[in-house]
Amino acid sequence: MDTKRILELKNNFDQILNSVVEENIEYWLARDLMPYLGYSRWENFETAIKRAMTACDGSGIDVNDQFREVTKLIEHGKGGKREITDYMLTRYACYLIAMNGDPRKEEIAFAQSYFAVQTRKVEIIEERVKYIERMNAREQLTASETRLSKNIYERGVDDQGFGRIRSMGDRALFGIRTAEMKERLGMSQNRPLADFLPALTIAAKNLATEMTNYNVEQKDLQGERSITTEHVQNNRSVRQMLGERGIKPEELPPAEDIKKLERRVKSAEKKIAIESGKLPKKKEDDLF
């Protein structure tokens, strides 16, 4: 997601922000928030709110401090008005709702970042969006490699064979052996290579692995030799595609250790509820 798109989404969320200045409280109304999280039906969004309330309760935080059911007046018919249900939501409540969504959707990935950080600085939000994108890419690669491991095991290849196939794929993609690539990135030989790769390279490895899975299944390839040939060809194809765009994967700078980044993000997330504060005390005549 580029900076221009992040700014656009940030402005959307900023415009629907409400505040109680004298109590230094920020909150959002669920019906205002709903379309910006990609929901078109209130029933579906309310279900997501209920799940978030359950998660809030499970974390030991008072749900009433973060979620408040309120009544909203809307115009109905010819000048008439009717009451509908809405919710006041703290930043922490909005974060929990976003965490129930699919982070592969850019609105959700952005919302998870926007509500996770107290500052509204674009560069901080952008950094966290990139973290989510990289984590998603890493999880997809893990899933595709797990599927490949299962596929080749069913076709007569053991764990050592899987390691050789994956290593040959890396050599075809990077032009050097896996161990050499790890040295170039300045990382330990004991760590998975993908933990220090940028999102683009992780996505490239994933594409090649998914292509291998597809052809292994469709062509019913058997044995280490035929599967190795297939995996090497796919990685070479991906390398060629990147090269046509002026990208050499082995020359891209290393990314921050994804485990260290994950720990830092998780630590920051624990502070969200405290930083969000509590909703103002409920008044019997609250209407929005």
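This is a short talk on the helices, the cysteines and a few individual residues of one structure. Before anything else, please keep in mind that we are looking at a predicted model, and that the values I quote are computed from that model.

Let me begin with the helix that I would like you to find on the screen, α3, which runs over residues 42–58. Its 17 residues should span 24 Å at 1.5 Å a residue, and since the C-alpha atoms at its two ends are 24 Å apart, the expected and the computed values agree. How are the buried residues arranged around this helix? The ones in question are W42, F45, A48, I49, A52 and C56, which are buried in α3; they cover an arc of only 120° around the axis, and therefore sit on the same side of the helix. The general background is that an α-helix has 3.6 residues a turn, so residues three or four places apart point the same way. Turning to the other side of α3, we find T54, D57 and G58 exposed. After the helix comes G60, and the phi of G60 is positive, near 85°.

One of those buried residues, C56, leads me to the cysteines. How many disulfides does the structure hold? The count is zero. As a reminder, a disulfide is a covalent bond between the sulfur atoms of two cysteines. The cysteine sulfur closest to that of C56 belongs to C94, and because the separation is 12 Å, the two are too far apart for a bond; the cut-off for counting a disulfide is a sulfur pair within 2.5 Å. Taken from the side of C94 the result is the matching one, with C56 holding the closest cysteine sulfur, again at 12 Å. As for their surroundings, C56 is buried at a relative accessible area of 0%, and C94 is likewise buried, with a value of 0%.

I would now like to move to α7, residues 122–153, and go through its packing against three other helices. In general, two packed helices are described by the angle between their axes and the distance between the axes. Take α6 to start with, which covers residues 106–116 and packs with α7 at an angle of about 135°, the axes being 9 Å apart; this makes α6 oblique to α7, and the crossing is right-handed. Next is α8, residues 159–174, whose axis comes within 10 Å of that of α7, with a crossing angle of roughly 130°. That pair is therefore also oblique, and α7 passes α8 in a right-handed crossing. Finally there is α12, where the angle with α7 is about 125° and the axes are 11 Å apart, so that α7 is oblique to α12. Which hand does the crossing of α7 and α12 have? Here α7 passes α12 in a left-handed crossing.

While we are on α7, I125 is found in this helix and counts as buried, at 0% relative accessibility. Its C-alpha atom is separated by 24 Å from that of M53, with their positions 72 residues apart along the chain. In α8, I would point to R164, which is partly exposed, with a relative accessible area of 45%. R164 and E224 are 60 residues apart in sequence, yet in space their C-alpha atoms are 8.9 Å apart.

Let me return to α12, residues 258–269, whose 12 residues reach 16 Å from the first C-alpha to the last, close to the 16 Å expected at 1.5 Å a residue. Buried in this helix are I258, L261, V265 and E269, and because they cover an arc of only 75° around the axis, they lie on the same side of α12. I258 has 3% relative accessibility, and its C-alpha atom is 23 Å from that of S149, a residue 109 positions away along the chain.

My last stop is a backbone detail. Most residues other than glycine have a negative phi. Where does D220, with its positive phi, lie? The place of D220 is in the loop between α10 (199–219) and α11 (223–244), and its phi is near 50°, a positive value in a residue other than glycine. At 43% relative accessibility, D220 counts as partly exposed.

Technical notes: Residues are numbered from 1 along each chain as its sequence is written. This is a predicted model: local features need pLDDT of at least 70, side-chain atom pairs count only at pLDDT 80 or more; totals for chains, interfaces and linings use all residues. Side-chain values use heavy atoms; hydrogens and water are left out. Buried means under 20% relative accessible area, exposed over 50%, partly exposed in between (1.4 Å probe, protein chains only). Helices (H or I, at least four residues) and strands (E, at least two) are DSSP runs, numbered from the N terminus. The expected span of a helix is 1.5 Å times one less than its number of residues. The arc is that of the directions from the helix axis to the C-beta atoms. Axes are lines fitted to C-alpha atoms, for helices over the stretch in contact, and angles run from 0 to 180 degrees between N-to-C directions. Angles under 35 degrees count as roughly parallel, over 145 as roughly antiparallel, 65 to 115 as roughly perpendicular and the rest as oblique. A crossing is left-handed if the near helix is turned anticlockwise from the far one by less than a right angle, and right-handed if clockwise.
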